[in-house]
Amino acid sequence: MIKMGTAPVNKNSYYLGLMSGTSADGIDLALVTFDENNKLEHHASYYQAYSDKTAAKITALYCAKNNNPSNNEIDRAFELDVELAQLFAKAISGFLVQEQLSCHDIIAIGSHGQTIRHRPLAKRPFTLQIGCCQTLATLTNIRVIGQFRRKDMALGGQGAPLVPAFHQTIFSENSIKNGSDVFVINIGGIANLTFLPATNKLTVIGYDTGTGNALMDDWFQLHNPNSKTNYDKNGDWAAKGKINDDLLKQLLSDDYFQLAPPKSTGREYFHLSWLKKQLSRVKPITKQDVQATLTAFTAITIIKAIKQHSANNTNTTKVYLCGGGAHNNTLASQINQLLVSENKKYQLLLTNQKGIDSDQLEAIAFAWLAFSYDHKLLSSMPAVTGASKSCTLGIAYFP
Ligand SMILES: Nc1ncnc2c1ncn2[C@@H]1O[C@H](COP(=O)(O)OP(=O)(O)O)[C@@H](O)[C@H]1O
Ligand SMILES: [Mg+2]
């Protein structure tokens with residue numbers, strides 16, 4: 001990140017980061033300030049889970065049925081665009097009450113929106129995040145910075161992942177003498193990796209490693225319709241199954257894993273129909289064994305990516321986990337075991353150990369992106385996304 005502007009000092013001026021990820025689990029909000037050196041401080045968080053009905057409306061738009069559009073997609077998508085903005089505004093209002101703040105205390109909201117389609121490899125690549133920024137600005141009476149992915153895509157980039165630039169500001173040990181190589185692994189619906197080398201002879205790398213929680217969530221919901229959670233809590237169900245090597249091999253043979261970065265993916269690629277196609281190519285296996293194998297699939301694709309970029313230095317390499325998948329004990333312990341079995345020394349950490357709540361990192365990152373917009377900082381990373389040049393990401397919407 002190159003600093004181009006100067007941040008005003010105003011202790012009571014907050015940025016509000018808003019994230020609604022691929023898992024379609026709910027809305028994360030983070031309240032953040034920045035000091036005169038652009039150093040951020042995270043003050044408070046808020047989470048509002050989506051109702052099953054809202055989550056179903058979102059996932060129905062992921063185009064999971066063999067990539068065929070379903071009925072009335074445009075109407076459903078753009079009604080949901082407004083409905084999500086209303087839900088975002090309601091969550092923000094609850095957050096402001098909780099924190100005893102008013103809309104006048106917030107400089108701007110940095111809103112990611114809800115991705116319902118991401119096609120970086122289309123003939124004319126595009127990405128679509130809904131949760132209408134204009135509606136949100138008008139309802140909250142707060143300026144909104146949104147549509148962060150658009151400019152990077154217009155510049156020929158993948159528009160994803162966006163968080164590596166933020167990871168670099170927080171986790172890089174590049175300026176520290178004898179600093180470590182650092183990986184930040186965010187396990188949301190899709191999992192993404194950021195590699196922050198200790199030496200500036202190597203460049204920062206970031207991309208989606210493949211599926212994170214999304215496929216596990218889909219398979220779990222299909223076979224546990226009466227569960228209290230929409231996901232395999234702590235990975236307990238997966239822990240009852242056995243990893244099936246044939247299925248694992250089949251899953252890992254997908255072309256996505258042979259692609260060189262820059263690359264990004266979504267639920268329109270890794271979905272239940274994709275999984276069912278893979279299942280049809282192996283001998284029948286039990287539901288729990290499928291869940292155990294999907295969990296291992298996420299762990300192994302992450303570890304393979306880490307191994308590929310680990311530099312040959314002798315220092316310990318730090319691996320920070322964040323995102324909801326960090327709560328999946330079965331997944332986290334598989335990641336740990338795979339790292340322990342390597343010759344190189346890895347230290348597995350949560351981002352909390354660096355002062356950033358692992359559940360809040362992305363919401364905080366979008367507050368940072370809004371701040372970066374206001375101060376004309378170059379917040380994109382062409383080395384990660386493949387864009388032709390760096391830029392200030394985001395578009396402003398006024399109340
Ligand atoms: N206790 C838990 N055990 C297992 N998985 C969990 C747990 N808590 C959260 N998750 C997983 O994390 C997901 C939400 O993660 P999140 O980081 O919000 O992803 P996204 O950014 O895609 O919304 C849930 O859908 C679920 O799969
Ligand atoms: Mg989420």
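The paragraphs below lead from the domains of this predicted model to its ligand site and then to one pair of packed helices.

The domain assignment divides the protein chain into domain 1, made of residues 14-160 together with 360-397, and domain 2, which covers 163-354. Taken over C-alpha atoms, the centres of domain 1 and domain 2 are separated by 23 Å, and the contact between them involves 28 residues of domain 1 and 30 residues of domain 2. On the side of domain 1 that touches domain 2, the elements that give two or more residues are strand 4 (106-119), helix 12 (361-374) and helix 13 (382-385), and of these helix 12 gives the most, with 4 residues. That side of domain 1 divides by class into 12 nonpolar, 12 polar and 4 charged residues.

Ligand 1 lies between the two domains, because both domain 1 and domain 2 give residues to the shell around it. There are 19 residues around ligand 1, and those that come nearest are Gly21, Ser23, Gly188, Asn213 and Gly324. By class, this shell holds 13 polar and 5 charged residues, with 1 nonpolar residue.

Turning to the helix pair, helix 10 (residues 287-309) and helix 11 (residues 329-340) pack with their axes 9 Å apart and at an angle of about 40°, and the two helices are therefore oblique to each other. The crossing in which helix 10 passes helix 11 is right-handed. Residues of helix 10 that meet helix 11 include Thr295, Ala299 and Ile303, while Leu331, Ile335 and Leu338 are among those that helix 11 brings to this contact. By class, the contact of helix 10 with helix 11 has 9 nonpolar and 4 polar residues, and no charged residues.

Note on methods. Residues are numbered from 1 along each chain as its sequence is written. Chains are lettered from A and ligands numbered from 1 in the order in which they are written. This is a predicted model: local features need pLDDT of at least 70, side-chain atom pairs count only at pLDDT 80 or more; totals for chains, interfaces and linings use all residues. A residue is near a molecule or strand if its C-beta atom, placed from the backbone, lies within 6 Å of it. Ala, Val, Leu, Ile, Met, Phe, Trp, Tyr, Cys and Pro count as nonpolar, Asp, Glu, Lys and Arg as charged, and the others, Gly among them, as polar. Domain bounds come from an automatic or database domain assignment. Axes are lines fitted to C-alpha atoms, for helices over the stretch in contact, and angles run from 0 to 180 degrees between N-to-C directions. Angles under 35 degrees count as roughly parallel, over 145 as roughly antiparallel, 65 to 115 as roughly perpendicular and the rest as oblique. A crossing is left-handed if the near helix is turned anticlockwise from the far one by less than a right angle, and right-handed if clockwise. Two residues are in contact if their C-beta atoms, placed from the backbone, lie within 7 Å.
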